[in-house]
Amino acid sequence: MSLWSALPVTAAPAPAPASAAVAEAPGELTVLHWWTSASERAAANHVAARLAEQGLRWVDSAVAGGGGGPAVKVLNERILRRMAPKVAQLNGQSMNEWADMGLLLELDAVAQRKGWARTLFPQVLSQLSVREHIVAAPLGIHRINNLYLNRAVFRQHGIEPPTDWAGLARAAERLRSAGVTPVAFSDEPWQVATVFEALLLGEAGPQLYRRMMVQQEWQAFEDPALERAFRRLREWRSLALPASAATGGAAGGGERPWTELVADFASGRAAMLITGDWARGELGALGLEGGRDFDCRAVPGTAAVHLFSIDTLAMLAGDRSAQPEQEKMAELLASATLQLGYNRIKGSVPVRKDVPVDELDPCAQQSYRLFASPATPRVPSLVHRMAFGEVGKNALIATVHRFALDPAQTPAAAQRRLLGLLRALPPKPSRSAAP
């Protein structure tokens, strides 16, 4: 079987002639990614400018769609049509099958030459590795289990920022009475699941969460913590009901882009938000600063834990004619200077252990130091491809989304459904073990 016929796609597109291959001038690197918000675009432009200084041209190929699903589908099709980009955003476990088919350029020489084993966090290096080979270059570490509180809104209504679920419920009641929507929430599937996995971490704790998401022990999904997390999700989503509709109607605000939630939070139309710290990059683009305009807290029960996702760019192997340029780009992406510049814009934090982070905002410094501490439990995000492969990730997202939108489904029924789906999954692909 050829590499091309083995590539997993939902529906193979019509074949294209060989002449359809993308023509690139020397030094040009087409980059397929899903960074399309204002802050994401600014971060990508920063990388492009630094590449240009080294004689490399970033040819942008952005595909809109939160969570990266549409971009991955486009990448599948372009590879099948022999129109593969030179560089693609691929994260975590999703790189396994691509690497197994020989589609990704191995960057072992770059990693050795630039001392990645010494300078990168071990968890980052693990996410870049498939069967002991480095197959991607790192950009930044995102924390997923963030609870953001709009300081101006809480101050205006004389509400003390809460620290636990009981306090959040009391604050939500007062906010709604004052005409403020307590929570910004979207019914977009990946956003619902992002909130859910943070809630699950709070209910399960890092050890049980690892048994679920890292070891993938289906027996762990029988634990009552999973049912509690489903119940917590329903409660949190109900707080997204606008004050004007508090007496009736369904909770949730439709499948809204995450950038709209951030805009509502920034303007004070909503007071609280659970999401990854890509939101902090967008808040920065809107002129807000963490620690001054909003509080960066953790979802209750997860303050000492870092639920992470790592942005990475993989180099597509192709005919290897662009290998020197691809390796040069990989070197630059992991450099200390680019790490600080990129992550300051994106909202994430550097992947290196040896960079000064005093220039980052207080929220970023907190995230970085938590991740860097040897005492911190660091657990990988399932929704953002750090744990399960695509099949398992999609099964969880679909189950959680269906539960969120179906008020007749009980938390216990959702737990049984998810358990049944996960028991049917194939064994987890082998990767380099995380230190």
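Begin by selecting helices α17 and α18 in this predicted model: the crossing of α17 and α18 is right-handed. Helix α17 covers residues 390-405 and helix α18 covers residues 411-423; their axes come within 10 Å and cross at roughly 165°. Angles over 145 degrees count as roughly antiparallel, so α17 is roughly antiparallel to α18.

Next, display the side chains of this pair. From α17, select Ala395, Leu396, Thr399, Arg402 and Phe403, which meet Pro411, Ala414, Arg417, Leu418 and Leu421 of α18. By class, the contact of α17 with α18 comprises 7 nonpolar, 1 polar and 2 charged residues.

Move now to helix α2 (residues 38-53) and helix α13 (residues 278-285). Here the axes lie 8 Å apart, and the two helices pack at an angle of about 90°. Helices α2 and α13 are therefore roughly perpendicular to each other. To view the contact, select Ala38, Ser39 and Glu40 in α2 together with Trp278, Gly281, Glu282 and Ala285 in α13. The contact of α2 with α13 divides into 3 nonpolar, 2 polar and 2 charged residues.

The final stop is helix α3, residues 69-80. Place a distance marker between its end C-alpha atoms, which are 17 Å apart. This agrees with expectation, because 12 residues at 1.5 Å a residue should span 16 Å. Which residues of α3 are buried? They are Ala71, Val72, Leu75, Asn76, Arg78, Ile79 and Leu80. Finally, select arginine 82, just after α3, where phi is positive at about 60°.

Conventions:
Residues are numbered from 1 along each chain as its sequence is written. This is a predicted model: local features need pLDDT of at least 70, side-chain atom pairs count only at pLDDT 80 or more; totals for chains, interfaces and linings use all residues. Side-chain values use heavy atoms; hydrogens and water are left out. Helices (H or I, at least four residues) and strands (E, at least two) are DSSP runs, numbered from the N terminus. The expected span of a helix is 1.5 Å times one less than its number of residues. Buried means under 20% relative accessible area, exposed over 50%, partly exposed in between (1.4 Å probe, protein chains only). Axes are lines fitted to C-alpha atoms, for helices over the stretch in contact, and angles run from 0 to 180 degrees between N-to-C directions. Angles under 35 degrees count as roughly parallel, over 145 as roughly antiparallel, 65 to 115 as roughly perpendicular and the rest as oblique. A crossing is left-handed if the near helix is turned anticlockwise from the far one by less than a right angle, and right-handed if clockwise. Contact means heavy atoms within 4.5 Å. Ala, Val, Leu, Ile, Met, Phe, Trp, Tyr, Cys and Pro count as nonpolar, Asp, Glu, Lys and Arg as charged, and the others, Gly among them, as polar.
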